[in-house]
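Please open the model in your viewer and keep the sequence panel beside it. The tour below proceeds by selection, and each stop states what is to be found there.

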Amino acid sequence: MSREELGNAITVRGKPIALMVVKANGHRDDEGESKLEPHVGLEFDSAEDAQEFYNLYATQVGFRIRIGQLYRSRVDGSVISRRFVCSKEGFQTNSRTGCPAFIRVQKADSGKWVLANINKEHNHELELPGEICPSRIQRKSLPNPRTTAVISTRTGIRSHEEEGPSGVVDAKRLKHDEFRGEPADEPYKGLEFTSANEAYQFYCTFAASTGFRVRIGQLFRSKHDGSITSRRFVCSKEGHQHPSRVGCGAFMRIQRQETGRWVVDRLQKEHNHEFDTATDASQRTTSVTKGFREEVISGLENLDLVETNGGLSLVKRGRESNIGSDWYNVLLEYFQSRQAEDTGFFYAVEIDNGKAMSIFWADARSRFSCTQFGDAIVFDTGYRRGSYSMPFASFVGVNHHRQPVLLGCALIADESEESFTWVFQAWLRAMSGRCPVSIIADQDKAITYSIANIFPGTHHRFSSWQMLAKEQENLGALLSLNSEFKYEFEACISQSQTASEFDSAWNVLINNYNLKESTWLKEMYRMRKSWVPLYIKGTFFAGIPVDGSIKSYFGTVLTAHTPLNEFVIRYEKAVEQRREDERKEDFNSFNLQAVLHTKDPIEEQCRRLYTIIMFKVFQKELLECYSYAGIKMNVEGAISRYIVQKCGNGDERNTVAFNASNLNISCSCKLFEFEGVLCRHALKVFQIMNIRELPSRYVLHRWTKNAKYGILRDIDSGGGSQDLKALMLWSLREEARNYIDAGAASLERYKLAFEIMQEGRRNLCWQN
């Protein structure tokens, strides 16, 4: 059947070959109106035919489709496999639900495309058949000027019906008459466009007059609403996925501004290949439009495929590593020796154009710690505060004794988005895909974009030291010379209890002190959820103070100036010292008891469960609650609301909601949400309601004496891990180490320990 005839019908062949012509209305051309039904083995003349078939099938069933991944041959770079997915696949926007429905077609030796895999199950409600109009499929001979293409880093192309400052690149509107054939202007940093589409047209025109072609590169989305915030257009010879590509580093990157306009913020004009003969832009229009669709998919889907296959080779051309070449040899040798001793040791090296770039590693102890203490982490890049000889970064959490606990280390090759993205991906892979609830990291565009992409649901909070430095840099003179402004500024930030209070106080500051034109303040207001206490305290940060951080894990033992010949020794010394401190606190928590100050059964309950350090934190809140009074304000069904205020201080008051039916309680101070310990206000209401024992959900397991064994405790309830054996080995070795230390203290203890160990081994032998 000819390509023109496919405008109204598509030919589908199954095995054995049975011809079936499907009309544009989605029904077979035979008796009755049998519905389309995809199945493994179905053949198509082309991948586009398969897409159109799936599109018609989706229309009948009640969903929409998008183009998914493509796979290329390593021999000649041709497309050999394609996926078409439900439009709700993935989670990049709020409308997507991670739907698993898809079909995958594969190119056979005969040149036909065969349906190789299929999943018909959807995880969302389907629309009624007939309510969805089949989206038009662009063919080379039947271009459709109405359809636009939206680029997605994971899903290729989806339909979009309106144009605006959304990052949409509409290649199908690059028609002949839009290229005037006028001499193209040179791109430069700061050049503005009304839309991403206009920027793409401009770069294509410039490329045509210079002698090269353009492809769509990476894009980045906002973690708040999924909208496109930045995108790259690259030379068609960027990358090495096809024999014709030579890794050219030329590109133009645009970024969306608050005004909705797009500005060129990064530009590389240098190419590493000879140019074609420069031509009038209009002569290139046909080839640009014709090749756009596959180039778009290729540029984005190859990036997505790299992430899917391990996330350890995100590529940027022309990068240089800030890590000395000697470091790689020394560290790789160290990693290999550690891996021989520790089966759970993980390390990864980023490779770019055959060059080693960033490095990441984490031992079994760190990976095990992450299962229990990886909910709130600090990405410590202290080396960036000044000069350094080693770009060393660490992932640090807070353990059940409120001590810093190591969750991984890295050497950062450069300050690019690609480096930080790769490091976060490596960490995520090492930790079995467990994203943190919150992360404290620098206020840096590269880091911010990387966190938003790799940890999309994680609350990013800015480092306090950097916030203070930026504050002094932009407001230092005003803060030092005007005490009234300083007071109002600090009150606005630290004393606002609601979003409306903060907005009101902020606007007063801006207007009263003529700061409307301050670019920095505009940017800080836009990112207020990453630094204003009001927006931070509702997220779990393991109690890390809003205006501070945890102590440096490595302290002065390991710094950014540590020489290579001392690095491994100092690193192991610092790690062992920290872990010895943790063992001491473990011993104290199991063998010592804190003093009780009340006869409240809740105090005894928490002393039994919490570590000593965390019990003292709780005990302080419990003792403080005796100096507070609670007044019931109203009752709605089972929910009672109280105003709890300090006796003699009416200004300090909080609202507590208590549900008598399930003992749920919440306080406006958000201490439990932020720190994981009940506040004095909630404890006061429990006293009023004569609650004698805390519900288990208000004693977080991560703060208890048995916190480090949480993952093993949860195995039977589905909490298993692909690295479970390594984790169990570490846990048993750690316990055995403590057992040996205790058993070797005296001859009598040794005899007893040996007998117990033999009896235990005999018991294990009887187990299946």
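## First stop: Ala-505

Select Ala-505, which is partly exposed, with a relative accessible area of 26%. The model on the screen is a predicted one. Ala-505 belongs to helix H10, which spans residues 499-512. Next, add Cys-492 to the selection: 13 residues separate Cys-492 from Ala-505 in sequence, and their C-alpha atoms are 5.5 Å apart in space.

## The whole chain

Now display the entire protein chain as a cartoon. The chain holds 20 helices and 25 strands. Of its 768 residues, 52% are buried. When contacts between residues at least 6 apart in sequence are considered, 60% of them join residues at least 24 apart.

## Lys-112 and its partners

Move to the loop between strand S6 (102-107) and strand S7 (113-119), where Lys-112 is placed. Is Lys-112 buried, partly exposed or exposed? Its relative accessibility is 25%, and Lys-112 is therefore classed as partly exposed, since that class lies between the limits of 20% and 50%. Show the side chains of Lys-112 and Asp-45 together; they make a polar contact of 2.6 Å. Phe-44 may be added as well: Lys-112 and Phe-44 are 68 residues apart in sequence, yet their C-alpha atoms are 5.8 Å apart in space.

## Ser-325 in helix H4

Select helix H4, residues 325-341, and pick out Ser-325 within it. Ser-325 counts as exposed, because its relative accessibility of 56% is over the 50% limit. For a distance check, draw a line from the C-alpha atom of Ser-325 to that of Ala-356; the separation is 8.7 Å, and the two residues are 31 apart along the chain.

## Two residues with positive phi

Most residues other than glycine have a negative phi. The next two selections depart from that pattern. Ser-432 is not a glycine, yet has a positive phi of about 60°. To find Ser-432, look in the loop between helix H6 (417-430) and strand S20 (438-441). Ser-432 is partly exposed, at a relative accessible area of 28%.

The second of the pair is Ala-542, with a positive phi near 55°. Ala-542 lies in the loop between H12 and H13. With a relative accessible area of 3%, Ala-542 is buried.

## Thr-562

Remain in the loop between helix H12 (533-536) and helix H13 (564-591), and select Thr-562. Thr-562 is buried, because its relative accessible area of 1% is under the 20% limit. What does the side chain of Thr-562 reach at 2.9 Å? It reaches the backbone nitrogen of Thr-559. To see the wider surroundings, display Trp-327, Ser-389, Met-390, Val-557, Phe-567 and Arg-570, which Thr-562 touches when residues up to four places away in sequence are not counted.

## Glu-582 in helix H13

Follow helix H13 to Glu-582. This residue, Glu-582, is buried, with a relative accessible area of 6%. The side chains of Glu-582 and Arg-365 are joined by a polar contact of 3.3 Å. Leaving aside neighbours within four places in sequence, the residues in contact with Glu-582 are Arg-365, Asn-399, His-400, His-401, Gln-403 and Lys-708.

## The annotated span 654-690

Colour residues 654-690, which an unreviewed UniProt entry annotates as "domain: SWIM-type". The span is 38% helix and 27% strand, and its end C-alpha atoms lie 20 Å apart.

## Last stop: a cavity

Rolling a probe the size of a water molecule over the atoms shows where empty space is left. A search of the whole structure finds eight cavities of 30 Å³ or more. The second largest cavity contains about 50 Å³ of space. Which residues line the second largest cavity? Select Ile-665, Ser-666, Cys-667, Leu-671, Phe-672, Glu-673, Leu-678, Cys-679 and Ala-682 to display its lining. By type, the lining of the second largest cavity divides into seven nonpolar residues, one polar and one charged. Strand S25 (664-667) and helix H16 (671-675) each supply at least two residues of this lining.

Terms used: Residues are numbered from 1 along each chain as its sequence is written. This is a predicted model: local features need pLDDT of at least 70, side-chain atom pairs count only at pLDDT 80 or more; totals for chains, interfaces and linings use all residues. Side-chain values use heavy atoms; hydrogens and water are left out. On a 1 Å grid over the protein atoms alone, a cavity is a set of points where a 1.4 Å probe fits but cannot get out, and a pocket is an open set with protein on both sides within 12 Å along at least five of seven lines; lining residues have an atom within 4 Å of a point. Grid points are joined across faces, edges and corners, and a volume is the space filled by probe spheres set on the points. Helices (H or I, at least four residues) and strands (E, at least two) are DSSP runs, numbered from the N terminus. Ala, Val, Leu, Ile, Met, Phe, Trp, Tyr, Cys and Pro count as nonpolar, Asp, Glu, Lys and Arg as charged, and the others, Gly among them, as polar. Buried means under 20% relative accessible area, exposed over 50%, partly exposed in between (1.4 Å probe, protein chains only). A polar contact is a pair of N or O atoms within 3.5 Å; within protein, one must be able to donate a hydrogen and the other to accept it, and residues adjacent in sequence count only if both atoms are side-chain atoms. Contact means heavy atoms within 4.5 Å. UniProt positions are given in the numbering used here, feature names are shortened, and annotations may be inferred rather than shown by experiment.
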